[in-house]
Amino acid sequence: MPGKPLLMTFPVTATSHTLADYRARGGYGTLVKAISSMQPADITKEVSTAGLLGHGGAAFSAGRKWGVVNLNDRQPHYLCANADEGEPGTFKDRWILENAPHLLLESMLIAAYALQVRHAFIYIRGEFDVPYQRLAAAIEEAYAAGYFGERILGTDFACDIVAYRGAGSYVCGEASGLLSSLEGKRGYPRNRPPRLTVQGLYKRPTVVNNVETLANVAGIIANGAAWYKSFGTAKSPGTQLVSISGHIATPGVYEVEYGYPLAKFLYEDCGGMVHGRKLKALIPGGISTKVLTGAEVQSVTFDHQSLSAAGSSVGSGGMIVIAEGTCMVRLLQVMLRFYHHESCGQCTPCREGMGWMHRIIDRVVAGEGRAEDLDRLIDISRWNDGNTICGMGDAAGYATIGILAKFRDEFEYFIANKRSRFDGNLECLRSS
Amino acid sequence: MKHLVPEFDVLRRRFPAGFESSLVLPCIRRIQEDRGYVADSDIDGLVEYLGVPRIQIEEVLSYYTQFRRKPIGRWHVETCRNVSCSMCSAERLMAHLKGKLGINPGETTPDGRVTWSTAECLGSCGTAPVMVVNNRYHENMSIAKLDTLLGGLD
């Protein structure tokens, strides 16, 4: 196990996701504690002191986000869990939705109490079938047990919750795009300011947190901020659910304590590379984070500071392992096709830029690349940066610049020779 | 869609007052489950039921990948072709599927049996490659499993 776990603390069985099992593990006891013995502001303070950071990609302080909501402004506040999980390589929130839905619900109730929220939402991507069924069943169980609705646990606290299904748009994973979608519209991101905690859902103060971020709240309130900070490092407290895929022996979801050596995680916890291949590159946190070379991975620990120093980030914890012999030109083609498909079309630099980049990389792969194409890709990336409402265009650019900076020779080879330096496959077919 | 109104009424009660606009996506999803696609008459019905502008419903329908305005085959086969799936044989799987079905992604077999679409990351990268058939995930796919799966699509 890569360090001490906070969330994966129970064996997954055929019934471990049910209310009965969750209660047997002490479930909903923290809600009782919070409502009966704590003031709403105390909870936000505890979450702040714990140093809980966002686990969806941006790593923003949850306590600071919550702190913006004015509890005395006499208007409705909303809370929304972001379960859109669309960043390629990421499938970690799915673990919580499938195996610990009540942990999410209890944490959301505590957050709703802290933020004086009457109506909470879980925005879940439309494709998820089993995670949605598990979540919907858990919500019904929780309603039947009196954890949602009016007069929760016999107090004046009241809260309703809706699991809201998306319909196949990557941009809806961005918090403001998510809220546009939750309003029944196209998932168009919105310009900030105003911040969503000032004007969010239907122009009311709204906190949007990632599923895993929220799932950590119950533990923090149950055991205290100091306990939470005993996990991880001083500047990266806690753990991260890492979903690892690609050319790795045992892909899946692992809970990694921040500060854990990355190479040890790959070779000891995840069984090393498939077919005994060498590690060529690693995308640490979803394809929008910058790629690391195999050599760079060796000295990195898994936390915000170490990954940032290496020029990348924890991102969404969606780790993709790339073996020696994989064609990076083809890999970038798949990535740019995706970004092109998912651009919402609101901002010109992204709408036009993604298509342009996609056409360039398709041309290169077709053997019709031109000498100026690589610099053009970098130019388009830079033109996007900071000139769009949301970060999607920026992210596509960072990913492109990252790959070109480290593997440019492969692209030049492809253009000069009209073919891949390798077999051109992304699949790792046999040992090298 | 009139026969679905009682279901929509139940759904509506979970939302705060004034959130009618939010019901657009769940109502469209339910209509599509029922009819297989969203017809003009469904849009008329939703405009009347929710009191939202027609253009909002049209915009939603043309924006989200999962919604459709036309019928498709009895079986909707979706293959993920994003990074992790491509790294775990999705490209070979798709070539095999193309041979078996004799169609390209986005098309329906002439007998109306299967519609094939490609999908971007479905959040199943650890069990790649993944396919979805009529909304159900099929993970850790292989050529052999694909053949078995296709054999069961009548």
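What radius of gyration would a compact globule with 432 residues have, and what does chain A have? The rule of thumb for a globule is 2.2 Å times the number of residues to the power 0.38, with the radius of gyration taken over C-alpha atoms. For 432 residues that puts a compact globule near 22 Å, and chain A has 22 Å, which agrees. Along its principal axes, the C-alpha trace of chain A spans about 75 × 45 × 35 Å.

Before going on, a word about the model. It is a predicted one, in which local features need pLDDT of at least 70, side-chain atom pairs count only at pLDDT 80 or more, and totals for chains, interfaces and linings use all residues. Residues are numbered from 1 along each chain as its sequence is written, while chains are lettered from A and ligands numbered from 1 in the order in which they are written.

Let's start with the make-up of chain A. It has 18 helices and 11 strands; these are DSSP runs numbered from the N terminus, with helices being H or I of at least four residues and strands being E of at least two. The domain assignment splits chain A into domain 1 (19-229), domain 2 (239-323) and domain 3 (328-417), and such bounds come from an automatic or database domain assignment. The C-alpha centres of domain 1 and domain 2 of chain A are 27 Å apart. Where these two domains of chain A touch, 12 residues of domain 1 are in contact with 18 residues of domain 2 (contact being C-beta atoms, placed from the backbone, within 7 Å). The domain 1 side of that contact has four nonpolar, five polar and three charged residues. Here Ala, Val, Leu, Ile, Met, Phe, Trp, Tyr, Cys and Pro count as nonpolar, Asp, Glu, Lys and Arg as charged, and the others, Gly among them, as polar.

Now for some helix pairs in chain A. Two packed helices are described by the angle between their axes and the distance between the axes. The axes are lines fitted to C-alpha atoms, for helices over the stretch in contact, and the angles run from 0 to 180 degrees between N-to-C directions. Angles under 35 degrees count as roughly parallel, over 145 as roughly antiparallel, 65 to 115 as roughly perpendicular and the rest as oblique.

Take helix α6 (residues 101-115) of chain A, which packs with helix α3 (residues 40-50) of chain A at about 120°, with the axes 7 Å apart. α3(A) and α6(A) are therefore oblique to each other. Their crossing is left-handed, meaning that the near helix is turned anticlockwise from the far one by less than a right angle (clockwise would be right-handed). On the α3(A) side, A:Pro40, A:Ile43 and A:Thr44 meet A:Ile110, A:Tyr113 and A:Ala114 of α6(A). That set comes to five nonpolar residues, one polar and no charged.

α6(A) has a second partner in helix α2 (residues 29-37) of chain A: their axes come within 9 Å and cross at roughly 10°. That makes α2(A) roughly parallel to α6(A). A:Ile110 and A:Tyr113 turn up here too, along with A:Glu106 and A:Leu109, facing A:Thr30, A:Leu31, A:Ala34 and A:Ile35 of α2(A). By class, this contact has six nonpolar residues, one polar and one charged.

Further along, helix α16 (residues 348-365) and helix α18 (residues 392-417) of chain A pack at about 15°, with axes 13 Å apart. That makes α16(A) roughly parallel to α18(A). The contact includes A:Met354 and A:Met357 of α16(A) and A:Phe411 and A:Phe414 of α18(A). Its residues divide into 10 nonpolar, three polar and no charged.

How do the two chains meet? Chain A brings 44 residues to the contact and chain B brings 39. On the chain A side, the largest share, six residues, comes from α15(A). That side has 17 nonpolar, 15 polar and 12 charged residues. Chain B is itself divided into domain 1 (2-63) and domain 2 (75-151), whose centres, over C-alpha atoms, are 30 Å apart.

Finally, a few backbone details. The peptide bond from A:Arg192 to A:Pro193 is cis, with omega near -5°, and A:Pro193 lies in the loop between α8 and β4 (206-210) of chain A. In chain B, the bond from B:Ala128 to B:Pro129 is cis, with omega near 0°. A:Glu85 has a positive phi of about 35° although it is not a glycine; look for it in the loop between β1 (77-83) and α5 (93-99) of chain A.
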